[in-house]
Amino acid sequence: MNWLSETGNVINFVYNRHVSDAVQNVLPFVHRRVDDLYRFIHAWVPSLYGELDENYWREQGYILADTDTDLSPELSPREAEKPGEISEEGKSRSQDSDEIADITKESWELIKAPYVKLYSILKTSSTSADSEQIQDPEQLSMSEELRRALYNDVSIDNEVIVPDLVGNTEILSDDHREQLCRHLPARAEGYPWTLVFSTSQHGFSLNSMYRKMAKIESPILLVIEDTEGNVFGALTSCALQVSDHFYGTGESLLFKFNPKFQAFHWTGDNLYFIKGNNESLAIGAGDGKFGLWLDGDLYQGRSQSCSTYGNEPLAPREDFVVKTLECWAFI
């Protein structure tokens, strides 16, 4: 029986050792997940925890702060004990940091704004799912709200460095390029703009344009000038090609310069980014309409409002005639 007892002791030792290790590994994980769950519930369903009694916590010696926006210097324990009094050291430090704090807060508000807007949209969407109230007819759709939050609500006036052109353009001015630079995807920034196709050099042929892009892995800037002098076009997330289905990503967009520059980003309503065959090229679609459509001869085109980009027609007339077309790659 001794060997059974010893075997049992060994089994117990091994079992306890593994259980102990498992518990030590699991407990920190569980603790982190509990913290995450608390933050999630506190953010989305704050009513579960009731309202905060600020007076009670102040009496306990705590200082309440808004962690989302308060970027001012923290008070030392000595300053916190007497809220009505500020030491000379505190006054000096406050004066020295006023200018920096103002700049920091302003910058933080600019950076934070789109994310706060998105949080508000998601929260509103979540709560409205359980509500049977009639929506305000003027309320914007989710995709429109997201588009405005991401692209229109915040503008940071940074100096734009316009890259060099590799090739000659008959359409783009320096102002055109500067405006377009503000809307390039991150992977296209900083690269020279290289001319890969031009109707003036390569002829009016859609198939020729496809061939010129066959080995290019880069977003493509397609710029058109029609016979009435209007300049507009599209930025596609990849090279243009023949395909039986729509392709591309939400990096794609439409734009126009007349009468003023406007960029139309993906709304999120559908995935009809780009589709091309030997007879035509379409960028953006929905309800039988195309944001930008070109025929196989790159001569006649059409632009309509489409749900992919929520765009206005890019040209004053729905049907237009191409004077010059250029395609630029970022390589």
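How many salt bridges does a search of the whole structure find? The search finds seven. Keep in mind as we walk through some of them that this is a predicted model. Side chains of opposite charge can pair when their charged atoms come close, and that idea will guide us through the first part of the tour.

Let's begin with Glu178 and Arg182, whose side chains meet in a salt bridge with an N to O distance of 3.6 Å. How open is this pair to the surroundings? Glu178 is partly exposed, with a relative accessible area of 32%, and Arg182 is partly exposed too, at 42%.

Next, look at Glu228, which forms a salt bridge with Arg317. Their closest N and O atoms are 2.7 Å apart. This pair links distant parts of the chain, since its two residues are 89 residues apart. You will find Glu228 in the loop between strand S3 (220–226) and strand S4 (231–236), while Arg317 sits in the loop between S10 and S11. Arg317 counts as exposed because its relative accessibility of 54% is over the 50% cut-off. Glu228, at 47%, is partly exposed.

The loop between S10 and S11 has another charged residue to show you, Glu312. Glu312 forms a salt bridge with Lys256, and here the closest N and O atoms are 3.0 Å apart. Once again distant parts of the chain are linked: Lys256 belongs to strand S5 (residues 253–256), and the two partners are 56 residues apart. Is Lys256 buried or exposed? Its relative accessibility is 7%, and because buried means under 20%, Lys256 counts as buried. Its partner Glu312 is partly exposed, with a relative accessible area of 37%.

While you are in this loop, pause at Gly310, which is found between strand S10 (300–302) and strand S11 (319–330). Gly310 and Leu254 are 56 residues apart in sequence, yet their C-alpha atoms are 9.5 Å apart in space. Gly310 itself is partly exposed, with a relative accessible area of 36%. There is one more charged group to visit: Arg302, Glu318 and Asp319 are linked in a network of salt bridges.

Now for the cysteines. A disulfide is a covalent bond between the sulfur atoms of two cysteines. How many disulfides does a search of the whole structure find? The search finds zero. Two cysteines are worth a look all the same: Cys181 counts as buried at 10% relative accessibility, and Cys327 counts as buried at 0%.

Let's finish with some aromatic residues. Which residues make a nonpolar surface patch of about 330 Å²? They are Tyr56, Trp57 and Tyr62. Tyr56 has its place in helix H2 (residues 54–59) and is partly exposed, with a relative accessible area of 40%.

For a contrasting stop, turn to Trp193 in strand S2 (residues 193–198). Trp193 counts as buried, at 0% relative accessibility. Its C-alpha atom and that of Val162 are separated by 9.5 Å, with the two residues 31 apart along the chain.

Methods:
Residues are numbered from 1 along each chain as its sequence is written. This is a predicted model: local features need pLDDT of at least 70, side-chain atom pairs count only at pLDDT 80 or more; totals for chains, interfaces and linings use all residues. Side-chain values use heavy atoms; hydrogens and water are left out. Helices (H or I, at least four residues) and strands (E, at least two) are DSSP runs, numbered from the N terminus. Buried means under 20% relative accessible area, exposed over 50%, partly exposed in between (1.4 Å probe, protein chains only). A disulfide is a pair of cysteine sulfur atoms within 2.5 Å. Patches are made of residues with over 30% relative accessible area and no salt bridge: like charges are joined within 9 Å, nonpolar side chains (Val, Leu, Ile, Met, Phe, Trp, Tyr) within 5 Å. Accessible areas come from the Shrake-Rupley method with a 1.4 Å probe; for residues, only the protein chains shown count as cover. A salt bridge is a side-chain nitrogen of Lys or Arg within 4 Å of a carboxyl oxygen of Asp or Glu.
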